[in-house]
Amino acid sequence: MKRNPLLLSLFVTLSALAMTACGEKNQPVANAPSPAASHAVAQAASAAASAALAASVAAAAAVNNEEKVLNIYNWPDYIASDLISNFEKETGIKVNYQTFENNEGLHAKLVAGNSGFDLVVPGAVFAKSQIDGGLLMKLDKPKIPNLSNLDPAIMGKLAAVDPGNDYLMPWAWSYTTVGINKAKVLKALGSTPLPDNVWELVFNPTYTAKLKSCGIAYLDSPTEVIPPAMHYLGKNPYSNDAADHQAAGAMLAKVRPHIRIFSSTMIDDLAGGKACVALGWAGDMNIARSRAVENKSPNVIDVLLPRSGGLIFFDSLAIPKDAQHPKNAATFINYYLRPEVSASLTNELAYATANKASLVKVKPEIVENKTVFVDEENLKKMVSPSSFSNEARESMSNVYTQFKKGK
Ligand code: N2P
């Protein structure tokens, strides 16, 4: 990815400067105030501006009469380590932070209501039915001026799920793919070379039977496993057709005996060598890669870009309909949208951000890593998120339960 945002903001700044300069130059001479008058006008204007600022700060404080508490529900390993403490220090808002393992778990909480959470982080695949089902609150956009930092191209894509971008503020994005510990995989495969289609490593029993000995890890949820399985079978990964879910189940049954780990937190399994191949999230695989390096471990983790594409996911901050602290939630969203704050997550966790203004603060090696910010050629092949009907989610859940049980 090129550092266009820098050029763009430079262009915007330059244009603004040029316009200001033109304005001053074109000021009619007859109307120009004397230097003394001009000083008095400037003083009056600045006093008025300070008064207005003080009034608006006071008004904001008066309007936000919520207790200084914010309850956040996020995925594991998905936040920069100092983000919450910095936010608390600056705002005095105490954050209670809990994690969930999969979209199904979060969805069930939202459907049940009274979750007690003020901010949640649904994947786009579930967010559509949460919006349509009235489970989320509209963002109070005037309270979140930093929304302007977001990449319009990504927001345009997210509008497929959230028309008008009224409910969702992208937290991070990545894709589901295959990751390997290459040395271990090559050893376990023996004379069999790596396949051209890397999905074979997790879905074809000829490969999984050999890789069983060094450990295969899968994500743990119906909507994380069945869509890539359908994709591998050449079907629509977001098919609502129960026959497609069953076809995926029949294929998965053949590899079930070879899978060692089901987990939404497989970073240490990969970094520590318990798993040599994973069906997982590219972001977590990149974290595992860095963690192995930090631990001076011999394990080298490679994030693979399947030639048929991975499955992109967008996770967004959203406010449950019955949140008790929506204003604090808006304060947090605006804080997260500061370029340096969004960049801190991407720098620490290798998850891509939709905050265009933050890219200049992301380490060059991450901006240029095409397994994080996928390059155009690979992006074209990736599958964009879509949504499932309630019936499809239920059908996939049945197929998945059977699969996991191994029956
Ligand atoms: C990061 C969690 C990724 C969330 N560990 C995938 N939707």
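## Ligand contacts

In this predicted model, a nitrogen atom of the ligand has a polar side-chain atom of Asp284 at a distance of 2.8 Å. A polar side-chain atom of Asp315 also lies 2.8 Å from a ligand nitrogen atom. Pro76 contributes through its backbone: one of its polar backbone atoms is 2.7 Å from a nitrogen atom of the ligand. The protein buries 99% of the 270 Å² that the ligand exposes when taken alone.

## Surrounding shell and cavity

Around the ligand are Trp75, Pro76, Asp77 and Tyr78, together with Trp281, Asp284, Phe313, Asp315 and Tyr351. By residue class, this shell comprises six nonpolar and three charged residues, with no polar ones. Asp284 and Asp315, whose side chains supply polar atoms at 2.8 Å from ligand nitrogen, both belong to the shell, as does Pro76.

The space that the ligand takes is the largest cavity.

## Helix 10

Helix 10 spans residues 222-232, and 10 of its 11 residues are buried, so the helix is largely enclosed by the rest of the structure. The buried positions begin with Pro222, Thr223, Glu224, Val225 and Ile226, and continue through Pro227, Pro228, Ala229, Met230 and His231.

After helix 10 comes Gly234, which has a positive phi, near 85 degrees.

Definitions and conventions:
Residues are numbered from 1 along each chain as its sequence is written. This is a predicted model: local features need pLDDT of at least 70, side-chain atom pairs count only at pLDDT 80 or more; totals for chains, interfaces and linings use all residues. Side-chain values use heavy atoms; hydrogens and water are left out. A residue is near a molecule or strand if one of its heavy atoms lies within 4 Å of it. A polar contact is a pair of N or O atoms within 3.5 Å; within protein, one must be able to donate a hydrogen and the other to accept it, and residues adjacent in sequence count only if both atoms are side-chain atoms. Accessible areas come from the Shrake-Rupley method with a 1.4 Å probe; for residues, only the protein chains shown count as cover. On a 1 Å grid over the protein atoms alone, a cavity is a set of points where a 1.4 Å probe fits but cannot get out, and a pocket is an open set with protein on both sides within 12 Å along at least five of seven lines; lining residues have an atom within 4 Å of a point. A molecule sits in a cavity or pocket if more than half of its atoms lie within 2 Å of its grid points. Ala, Val, Leu, Ile, Met, Phe, Trp, Tyr, Cys and Pro count as nonpolar, Asp, Glu, Lys and Arg as charged, and the others, Gly among them, as polar. Buried means under 20% relative accessible area, exposed over 50%, partly exposed in between (1.4 Å probe, protein chains only). Helices (H or I, at least four residues) and strands (E, at least two) are DSSP runs, numbered from the N terminus.
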